Amino acid sequence: MASKTTRPVLDTRALNRATLARQLLLTRAEMSAQDATGHLLGLQAQNVKPPYFQLHARLAGFGPAELAGLMESRQVVRMVTMRSTIHTHTVHDALTLRPLVQPARDREINYFRKGLVGVDLDRLAERAREFVEAEPRTMAEIREELLKEWPGADPQSLSVAARCRLPLVQVTPRGVWGKSGQVRLTTLSEWVRGQESGLGGETPGIDDVVLRYLGAFGPASVKDMQTWAGLTRLREAFERLRPVLEVFQDENGVELFDLPDGPRPDAEQPAPPRFLPEFDNLLLSHADRSRVIAPELKGSTWSGNQAHCTLLLDGFLAGLWKLDGGTLTVELFAEVSKADKAEIVAEGEALLAAMGEDGPGGGGSVRFGSIRG
């Protein structure tokens with residue numbers, strides 16, 4: 001929504017640098033994996049490895065074992081939250097953010113109502129809860145159990161309803177670096193039993209979440225946060241907070257809100273190359289993504305329904321990458337200088353050393369070539 005009042009203008013580069021600073025992508029942060037996961041309000045985790053690569057791009061000295069240990073000790077969990085997608089969250093955020101987005105999950109069930117005729121959703125939730133809390137179950141097992149009571153219902157609709165009504169987490173070893181396992185589910189409360197004390201568990205005030213979102217993704221518009229959360233009607237919260245927020249506008253006149261003490265670096269501050277995994281929240285959490293993705297590159301990170309890993313250069317989307325064995329292949333969208341190529345290679349070699357398939361300190365090579373064919 002365009003502002004009716006003239007506000008200080010933040011151009012695209014200024015927005016880019018501010019967002020990169022919040023995202024810990026201007027300089028790697030001296031922060032624990034747990035604290036970073038909380039600061040970022042979770043890590044996109046549609047696939048197993050992306051959360052690890054997200055933290056490597058953001059944290060000094062990060063190694064996969066740190067996040068893997070948090071997974072195995074149940075201090076972070078994988079579950080459906082924002083935008084109906086899987087995120088890795090701290091237990092505190094899992095307990096508080098999931099209730100916040102529950103209205104969106106309830107609306108999601110409505111898309112499957114034709115397959116749920118005659119199904120008592122409260123009864124479904126209770127039966128599914130008892131089933132998965134007895135022991136973690138696969139989604140196929142959940143469907144089969146629910147079909148016993150509602151044999152005429154659509155199997156997929158039953159499993160979607162269970163996933164939406166209950167805060168289900170993917171139990172380990174799923175999500176642990178270097179290990180494999182089927183997706184098995186139980187309830188959040190069952191998985192973190194004994195950890196809830198002192199960690200919250202009640203739905204936070206939406207105002208608090210707005211402030212945290214701005215701390216991780218700001219400056220941002222109301223629509224930006226709605227895109228991140230998969231929620232609507234958040235303007236009222238922003239209006240309540242207006243007296244304590246800084247208000248800017250972008251080059252199109254769209255009103256942007258920010259924390260008064262939020263970092264807004266000089267637009268010319270150097271931004272080193274960063275290798276981001278597929279589905280990184282930096283690329284998904286704003287309605288207007290031009291602060292990172294140039295308009296002419298819109299859609300370039302996908303081939304059909306396949307999402308590619310992305311390369312940032314000077315803070316903006318500049319290419320794609322793929323790790324295959326010990327070879328990191330980089331596809332650039334445009335010619336770059338020799339100095340930029342040297343920085344990309346150095347960053348790629350650091351990624352291979354920390355995250356390559358040969359383990360920490362392993363070898364590998366960086367090459368430039370085509371990924372999309």
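## Close-ups of a predicted model

**View 1. Helix H5 across two strands.** Helix H5 (residues 91–100) lies across strand S2 (76–80) and strand S3 (86–90), and its direction is about 120° from that of S3. This is a predicted model, as are the other views below. How many of the ten residues of H5 are buried? Eight of them are, so the helix is mostly covered. The buried set holds Val-91, Ala-94, Leu-95, Leu-97 and Leu-100, and also Asp-93, Thr-96 and Arg-98.

**View 2. The five-stranded sheet.** Follow the strands across this open sheet and the order reads S1-S3-S2-S4-S5, with antiparallel pairing. Which strands sit at the edges? They are S1 and S5, each of which pairs on one side only. At the S5 end, S4 and S5 run antiparallel and are joined by three bridges. One bridge to look for links Val-169 to its partner in S5, Thr-186. As general background, strands of a sheet pair through backbone hydrogen bonds, either parallel or antiparallel.

**View 3. Two cis peptide bonds.** A bit of context for this view and the next: most peptide bonds are trans, and most residues other than glycine have a negative phi. Where are the cis bonds shown here? One runs from Thr-172 to Pro-173, with omega near 15°. Pro-173 belongs to the loop between strand S4 (168–170) and strand S5 (185–187). The other cis bond shown runs from Gly-218 to Pro-219, and its omega is near -5°. Pro-219 is in the loop between helix H11 (206–217) and helix H12 (222–229).

**View 4. Leu-41 and its positive phi.** Leu-41 isn't a glycine, yet its phi is positive, near 55°. Look for Leu-41 in the loop between helix H2 (33–39) and strand S1 (43–44). Is Leu-41 buried or exposed? Its relative accessible area is 0%, so Leu-41 counts as buried, the cut-off being under 20%.

**View 5. Tyr-52 meets Trp-177.** A search of the whole structure turns up nine aromatic pairs. In the one shown here, Tyr-52 and Trp-177 sit 5.1 Å centre to centre with 55° between the planes, which makes the pair tilted. The two partners come from distant parts of the chain, 125 residues apart: Tyr-52 is in helix H3 (residues 50–56), while Trp-177 is in the loop between S4 and S5. Tyr-52 is buried, at a relative accessible area of 1%, whereas Trp-177 is partly exposed at 22%. Widen the view and one aromatic cluster appears, formed by Tyr-52, Phe-53, Trp-177, Phe-275 and Trp-321. Trp-177 has a charged neighbour too: Lys-49 lies over the face of the Trp-177 ring, at 5.1 Å from the ring centre.

**View 6. Phe-279 against Trp-302.** What kind of pair do Phe-279 and Trp-302 make? Their ring centres are 5.8 Å apart and their planes stand at 65°, so the pair is edge-to-face; the cut-off for that label is over 60 degrees. Phe-279 lies in the loop between S8 and S9 and Trp-302 in strand S9, so the contact ties together parts that are 23 residues apart in sequence. Both rings are partly exposed, with relative accessibility of 22% for Phe-279 and 38% for Trp-302. Check the backbone of Phe-279 while you're here: its phi is positive, about 70°, even though Phe-279 is not a glycine. The flanking strands of the Phe-279 loop are S8 (274–276) and S9 (302–303).

**View 7. Arg-74 over Trp-191.** Here's another charge sitting over an aromatic ring. The charged end of Arg-74 is placed over the ring of Trp-191, 3.4 Å from the ring centre.

**View 8. Two cysteines, no disulfide.** How many disulfides does the structure hold? The count is zero. Two cysteines are picked out for this view. Cys-164 is buried, with a relative accessible area of 0%. Cys-309 comes in at 14% relative accessibility and counts as buried as well, because the buried label applies under 20%.

Definitions and conventions:
Residues are numbered from 1 along each chain as its sequence is written. This is a predicted model: local features need pLDDT of at least 70, side-chain atom pairs count only at pLDDT 80 or more; totals for chains, interfaces and linings use all residues. Side-chain values use heavy atoms; hydrogens and water are left out. A disulfide is a pair of cysteine sulfur atoms within 2.5 Å. Buried means under 20% relative accessible area, exposed over 50%, partly exposed in between (1.4 Å probe, protein chains only). Helices (H or I, at least four residues) and strands (E, at least two) are DSSP runs, numbered from the N terminus. Rings of Phe, Tyr and Trp (its six-membered ring) pair if their centres lie within 6.5 Å; planes under 30 degrees apart count as stacked, over 60 as edge-to-face and the rest as tilted. A charge sits over a ring if NZ of Lys or CZ of Arg is within 6 Å of the ring centre and within 35 degrees of the ring normal. Two strands pair if DSSP finds at least two bridges between them. Contact means heavy atoms within 4.5 Å. Axes are lines fitted to C-alpha atoms, for helices over the stretch in contact, and angles run from 0 to 180 degrees between N-to-C directions.
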